[in-house]
Each structure stands twice: as structure tokens, then as C-alpha cells.
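Trainee: I would like to go through this model with you step by step, and I would ask you to show the reasoning behind each answer.

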Amino acid sequence: MTLAWAQLGYLAAAVCFIIALKGLSSPRTARRGNLIGAAGALLACVIVFLVSDIHHLLPILAAIAAGTAIGVLGAYRVQMTQMPQLVALFNGVGGGAAAIVAIIELTELGPGTTPVFDLIVMAFTILVGSVSFAGSVVTFLKLQELMTTRPVVFPGYPILYGLGLLAAFGSSVGLVLIPSLIFAVLLAAVGAGLGVLLVLPVGGADVPIVISLLNAFTGLTVAASGYLLENILLLVAGTLVGSAGTLLTRLMANAMGRSVINVLFGALKGGSTLGAITVSDRPVKSASPADVAILLAYAQRVIIVPGYGLAVAQAQHTLRQLVDLLSERGVQVDYAIHPVAGRMPGHMNVLLAEAQVPYEQLKEMDEIDPEFKQADVALVVGANDVVNPAAETTPGAPIYGMPILHANQARQVVFMKRSMRPGFAGIENELLYEPTTTLLFGDAKDTMSKLLAELKALTV
Amino acid sequence: MNTDPIIWLTIFVLSIFVGVEVISKVSSTLHTPLMSGANAIHGVILIGAILVAGTAQSVPILVLGLVAVVLASINMVGGFVVTDRMLIMFSRPKRAVEKSARRELEK
């Protein structure tokens, strides 16, 4: 039995984690919450070295140092735009670690002494840990656009999936009956295959929901490891993440007007095949930066709809200057933040906060959407799917049912776009062909600078 | 394993409710940092990795255990650091706003 004071220390760490999650739910306390969580994790690590009989101290410390270096480097090097894939990777390695821990536990069992329930928990940890690992790697590849972001489905997919589930069940039973390394490795391999299959049919825009789901999965494996290792802290922390992560997954899906089941398996019903990948040649109206500058300068009310394209072009700083200039001219400007603008819920807020856009100019969808009717200009910068009317008019479109910003209700709509390529969800946007819509082609940063220069010229 | 399973089950069930309760009211603005923060918390599997690596009896097991330690530390440390980086950006503009408000007052 672990010493009493060590148990108290673990309890303190568990409380830290609860406070951390609580703190992260409110903007005012979020940063402090995260730091408290980190303190709890540090405390737990110190305790484990003090009370447990740890051999191979040097190699372990070296391994921790290596992991810390990689983690810190990754966390500091990453562009804010690439945040979602980094979180996916961090989650994946956590799941992998949990699976490895369970495999090692298995090899250290004495013959025939382990209760069946413990073996089941072991099988669960190995399986779900591998699912989380492989699934996270695929989400990373999708978000990094190293593979197609469109849903991948092939004939026979459901059969393969069914076979995968059967294999998982079979090797789990095998592992419980004959606890051997062979079954453990087999189970890990099957889990990895299932993880890949789970994420393949998910369209690019929905991938963040899957990250959150896999995050919850990893939490559960950590909880299971806690049971196996008789460590209460792991049980509590893992369960917290498992349940909070499940709820968060549902909240995210709701924000996109989707159900989790629909996100995971919607593509199998064939709905998403509607996506157009061809570039349309229908006529559109385009304008020069000078025209748009005049339009903006003499407007009363401008609403900006920022999207991922803005962040990719790193144009958010120029955009803020533009908005400042307009505000000085007495134009009322707000940013309309769609819940899933960017690549993840809340991602756009992070990106604009990075450009030091005042928090009060960022309006959430419910608040700003009715105001488009009064707006003279809706300036859509690098966004597409979040203003696509197809979400309301075209059942069968992958984004059908997602709440959208009604930019089309503004008197004029200006789209800053790099090309006529469709958005992340891969569907064409009818709004581009509306008579009130003007297109401003070019790289967002480049065009934004030209626009800013034209506007300055008008102001002088 | 010797501890009464009922106790483990109790802790498990209560933790589920705590997890749901603490994040039940979170604005979509904070979904990303919250996910990242929760992600960092399950990095505490590092403790499990240290335990199995520290009691390894053979070299292959030790190596495997060390791999788990590296992975878990990436998860935990990277997760907390990247969450903090995101959250700094949330707090920074507020200070900038206060500063400009003060400037207005001085005028």
C-alpha cells in the first residue's frame, strides 16, 4: 500500500486537475487554471519518485528530459494556425503511452493469478489506446493536408469495419483466456487499424470533433491504467478527462449543428459525395482593392467574417490596422466569429487575440447574426463554409444543418478569396454568384495591404 | 489486485460526474484551450510509465517503458505549454484595451 502522505499528495494533484478544468471554462480564470493543472502534474511526478521503488533512475530521467524537450519545442514552434494538429499529436502519444504501459503490465503477470476483470481492463486499455494513437495520427495528416481532407470511403468499408471489430473482440477474448504478448501485440495492431478506419470517413471540417472524441478515449485508457497500477490519481484524472472530453465533443458537435454519430459515419450514407471538387466557371463579379476601399470608407456599418484563410495568409495584423482606420473614420466595425471559424471551435478567437484585436469587437454568432440586415458591407476574409447558404438550402450537403452567418443579408458582400476553389468542406458556395456579391481575388495578406493603402489614400 | 473493487467503482462514477459538472457551462470561445488543457491532464499517464519502467526486469521491457515515458512526457509537458501559449493571447488584448482606455482618460 502506498504511504498515507503520498496518497494525500495524489489527492491534492487530483484536486488541482479539477480546479484546472473548472478554470479553463471561463476566460478570466483559464490561464491560472491551466497553471494549477501543471502544478498538480508536477507534484504527482515528484511523489512517484519519492515513494515508489524506482530503478533505472538515470535512463528514466533522461527519457523525461527528452520528452519534455520535444514537447516544449513543439509547443513553442507551432504556428497558431496549426494548433489543432499539434493537440491531436499530443493526444495520440498519450494514448500510445497508455497502451504500452498496459502491454508491459501484461508481461509482468504471474501465471494464472490475475482476475478476469483485470485482464478485460488490460485488453480495453491496449485496444482503445491504439485506436487513439492511430486515429490521432490520421487526424494530424488530414489537418496538415498531408492527405486528402475529404471523407475517404471505399466500397466494402462497412464490411472491413465489421471485420475489424470482430478481430478486436476476438483478440480481446484471446488475451483474457491466454494472457500472452502475442495477443497483446495483435490487439494493438487491430486497434491501430480501427483507429485509422474511424477517422478516414470524417470530412476535414469535422476532424476537430474527432480529436476531442479521441481525447476522451485517451482519458478513459488512463483511468483504466490507474485501476491496473492501483494508482488513484490516474483513475481520477483519466475519468475526468474522459467524461469532460465526451461532453466537450457533444458541445462542439452541437456548435456545428451535427450529431457525433453523423460526424463519424455520415459519409457512409453517401451524403458527402455532393461535394464539388471541380472549379466552377460560372460568372462572378470581381473588383479592385480601390473599389472596395471606397465601399468600406463610406459605409456606416461593416461586419467582418474572418476565416481560416485569413490566418493562413497571416493577414490578421493588417486586418486589424484596416479596422482601426475604419473606426477612426467613424465606421462601426465588428468581427462576426462563427463558433467553428478556423479549424476548431474557438480557434479564430485565439488567432485574432494573437493580432491584438480588442476582445469586445469579437462578436459571437448569436449576437451578431441579426445585425447583418443593417450592415452596409459584409467583408468575408478567407472564410467560406461558415457563410455558405447551402447549409440551409441543400439537404445532402456535408455542412447541411450547420448554423451559418447570414452575410448574404448585408447590402453588399465582399469576398476576399485566393481562388474559386471551394472551402474546407469541399462544396460550392452559391453566395459567390449573388448579384450583391463582389469578389476580391488574391492572397489575403497582399490584397489586405493594398486595401489598407487605398484606404489611407482616401483618408488623407 | 487487493483493493476492494467497489471503492474503485465509486471513485470512477463520482469522477464522471465531476468531469461533466465542471465544464458544463463553457463558451465556444474556450473549446480549443479546454480540449488542449484536458489533453495535457491525461498526460499524467507519465506516472504509470515511470512506474512500469522503474520496475522493469529485462532490457526489452525497460526500453519499451522508456518509450512510454518519452511519449507521456511529450503529452503532458507539451500539452500544458501549448495551452498556456493559447491562453496568454486571450489575456493580452485585455491589457491593451485597458491601456488605451487609460490613454483616453488622460486626454
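Trainee: How many residues of chain A are in contact with chain B?
Mentor: Bear in mind that this is a predicted model. Contact is judged here by C-beta atoms within 7 Å. On the side of chain B, 79 residues take part, and on the side of chain A the number in contact with them is 95.

Trainee: Which helix of chain B supplies the largest share of the side that touches chain A?
Mentor: Four helices, namely α1 (5–22), α2 (31–41), α3 (45–54) and α4 of chain B, each give at least two residues to the side of chain B that touches chain A. The largest share of that side amounts to 35 residues, and the helix that supplies it is α4(B).

Trainee: How many residues on the side of chain B that touches chain A are nonpolar, polar and charged?
Mentor: As background, nonpolar side chains in soluble globular proteins tend to be buried together. When the residues of the side of chain B that touches chain A are divided by class, five are charged, 23 are polar and 51 are nonpolar.

Trainee: Which helix gives the most residues to the largest nonpolar core?
Mentor: This core has 194 residues, and the members that touch the most others are Val305(A), Val380(A), Val44(B) and Val69(B). The element that gives the most to the core supplies 17 residues, and this element is helix α4 (residues 59–106) of chain B.

Trainee: Which residues does Val305(A) touch, leaving out those up to four places away in sequence?
Mentor: Val305(A) is among the core members that touch the most others. With residues up to four places away in sequence left out, its partners are Ala336(A), Ala378(A), Val380(A), Val381(A), Ala383(A), Val386(A), Val387(A), Leu405(A) and Ala407(A).

Trainee: What pattern does the secondary structure of chain B follow along the sequence?
Mentor: Chain B has 107 residues, of which 54% count as buried. Its secondary structure consists of four helices and zero strands, and, read along the sequence, the pattern is α-α-α-α.

Trainee: What radius of gyration does chain A have, and why does this agree with a compact globule?
Mentor: The C-alpha atoms of chain A, taken along the principal axes, fill a box of roughly 80 × 50 × 35 Å, and the chain has 17 helices and six strands. Because a compact globule of 460 residues would have a radius of gyration near 23 Å, the value for chain A agrees with that expectation, at 25 Å.

Trainee: How many residues does domain 1 of chain A bring to its contact with domain 2 of chain A?
Mentor: Chain A is divided into domain 1 (1–77), domain 2 (92–269) and domain 3 (289–459), and the C-alpha centres of domain 1 of chain A and domain 2 of chain A are 23 Å apart. Domain 2 of chain A brings six residues to the contact, while the number from domain 1 of chain A is seven.

Trainee: Which helix supplies the largest share of the domain 1 side of that contact in chain A?
Mentor: By class, the side of domain 1 of chain A that touches domain 2 of chain A has seven nonpolar, no polar and no charged residues. The largest share of this side is six residues, and the helix they come from is α1 (residues 4–24) of chain A.

Trainee: Why do the buried residues of α11(A) lie on the same side of the helix, and what arc do they cover?
Mentor: In helix α11 (residues 289–297) of chain A, the residues that are buried are Pro289(A), Val292(A), Ala293(A) and Leu296(A). They are placed on the same side of α11(A) because the arc they cover around the axis is only 105°.

Trainee: Is Ile178(A) buried or exposed?
Mentor: Ile178(A) is found in the loop between α6 (157–177) and α7 (181–199) of chain A. A residue counts as exposed if 12 or fewer other C-beta atoms lie within 10 Å of its own. Because Ile178(A) has 10 other C-beta atoms within 10 Å, this residue is exposed.

Trainee: What phi does Glu230(A) have?
Mentor: Most residues other than glycine have a negative phi. Glu230(A) sits in the loop between α8 (207–228) and α9 (232–255) of chain A, and it is partly exposed, with 15 other C-beta atoms within 10 Å. Its phi is a positive value in a residue other than glycine, near 55°.

Conventions. Residues are numbered from 1 along each chain as its sequence is written. Chains are lettered from A and ligands numbered from 1 in the order in which they are written. This is a predicted model: local features need pLDDT of at least 70, side-chain atom pairs count only at pLDDT 80 or more; totals for chains, interfaces and linings use all residues. A nonpolar core is a set of buried Ala, Val, Leu, Ile, Met, Phe, Trp, Tyr and Cys residues joined through C-beta atoms within 7 Å. A residue is buried if 20 or more other C-beta atoms lie within 10 Å of its own, exposed if 12 or fewer, and partly exposed in between; C-beta atoms are placed from the backbone. Two residues are in contact if their C-beta atoms, placed from the backbone, lie within 7 Å. Ala, Val, Leu, Ile, Met, Phe, Trp, Tyr, Cys and Pro count as nonpolar, Asp, Glu, Lys and Arg as charged, and the others, Gly among them, as polar. The radius of gyration is taken over C-alpha atoms; the globule rule is 2.2 Å times the number of residues to the power 0.38. The arc is that of the directions from the helix axis to the C-beta atoms. Domain bounds come from an automatic or database domain assignment.
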